[in-house]
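Notebook open, model loaded. I want to go from one strand outwards to the whole chain, then finish with the aromatic rings.

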Amino acid sequence: MVYILLAPGFEEAEALVPADLLRRAGIRTALVSLNGETVTGSHNITVSADMTLDKVDLSNGEMVVLPGGGVGVQNLGLEPAVAALVRQAAASGLPVAAICAAPTLLGEWGLLEGKQAVCYPGMEGQLTGAQTRMEQRFVADGKIITGRAAGSAFDFGLALVEALAGLDEAEKVRHAIHY
């Protein structure tokens with residue numbers, strides 16, 4: 001299961017485009033709220049969550065994904081259970097992905113040391129321990145995948161599909177959506 005964590009103020013495109021692409025590839029994907037049945041994003045789009053954070057089971061996990069959105073990332077960062085979950089996922093060898101402002105949390109939590117990463121332009125200084133690759137739309141470095149911004153959501157989402165199901169499956173999805 002891929003767990004996409006949604007906090008109030010999340011960037012809708014950065015969560016929903018990857019979720020859509022993963023599901024098109026047949027990869028089980030859950031939209032996870034910090035609490036409650038719905039979460040409202042940064043552009044006032046309310047999404048029904050598949051589960052709440054307390055129901056996440058990393059023993060069934062394939063990946064944890066953090067979408068961006070300034071307020072959403074702040075809210076993710078304020079929840080100690082999110083940091084614990086992401087650190088546990090990384091420690092157990094699960095891929096961890098973050099886009100836009102969210103890679104700054106990975107830096108804060110010590111997960112970018114020696115890694116190449118990208119984030120929302122202007123936030124590079126917050127990618128603690130990382131080598132930035134701001135000319136790229138996404139960067140996959142081992143089990144860490146980072147994306148630049150909402151405009152990179154399709155590239156980022158396809159990188160997630162490739163990481164979990166291989167290049168052939170990612171290309172099938174790319175072709176099916178005419179991207």
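Before I start on burial: I call a residue buried when its relative accessible area is under 20%, exposed when it is over 50%, and partly exposed in between. I also keep in mind that this is a predicted model.

**Entry 1: strand β6.** I looked up residues 63-66, which form strand β6. Which of its side chains are buried? I find M63 and V65 buried on one side, and V64 and L66 buried on the other. So both faces of β6 are covered. That split fits the general pattern, in which side chains of a regular strand alternate between the two faces of the sheet.

**Entry 2: the partners of β6.** Next I checked what β6 pairs with. Strand β1, residues 2-6, pairs with β6 in the parallel sense over 3 bridges. Here I see I4 standing opposite V65 of β6. Strand β7, residues 96-99, also pairs with β6 in the parallel sense, over 3 bridges. In this pairing V64 stands opposite V96 of β7.

**Entry 3: the chain as a whole.** I zoomed out and counted elements: the protein chain has 6 helices and 11 strands. How compact is the chain for its length? Its radius of gyration is 14 Å, close to the 16 Å that the globule rule gives for 179 residues, so I note the chain as being as compact as a globular protein of that length. The C-alpha trace spans about 40 × 35 × 35 Å along its principal axes. I get 52% of the 179 residues as buried. Of the contacts with a separation of 6 or more, 63% are between residues 24 or more positions apart. For the surface, I note about 7,800 Å² exposed, with carbon and sulfur atoms supplying 49% of it.

**Entry 4: aromatic rings.** I searched for ring pairs and the structure holds 1 aromatic pair. Is it stacked or edge-to-face? The ring centres of F154 and Y179 are 5.4 Å apart and the planes sit at 20°; planes under 30 degrees apart count as stacked, so I log this pair as stacked.

Then I asked where the two rings sit. F154 is in helix α5 (residues 153-165), while Y179 is in the segment after α6 (167-176), so the pair ties together parts that are 25 residues apart in sequence. Are these two residues buried or exposed? I find neither: F154 is partly exposed at a relative accessible area of 34%, and Y179 is partly exposed at 42%.

Notes: Residues numbered from 1 in each chain as written. Predicted model: local features only at pLDDT ≥ 70, side-chain atom pairs only at ≥ 80, totals over all residues. Heavy atoms only, no water. Phe/Tyr/Trp six-rings, centres within 6.5 Å; stacked < 30°, edge-to-face > 60°. Helix = DSSP H or I, 4+ residues; strand = E, 2+ residues; numbered from the N terminus. Buried < 20%, exposed > 50% of the residue type's maximum accessible area, 1.4 Å probe, protein only. Pairing = 2+ DSSP bridges. Rg over C-alpha atoms; globule rule 2.2 N^0.38 Å. Contact = heavy atoms within 4.5 Å. Areas by Shrake-Rupley, 256 points an atom, 1.4 Å probe, with all protein chains shown as cover.
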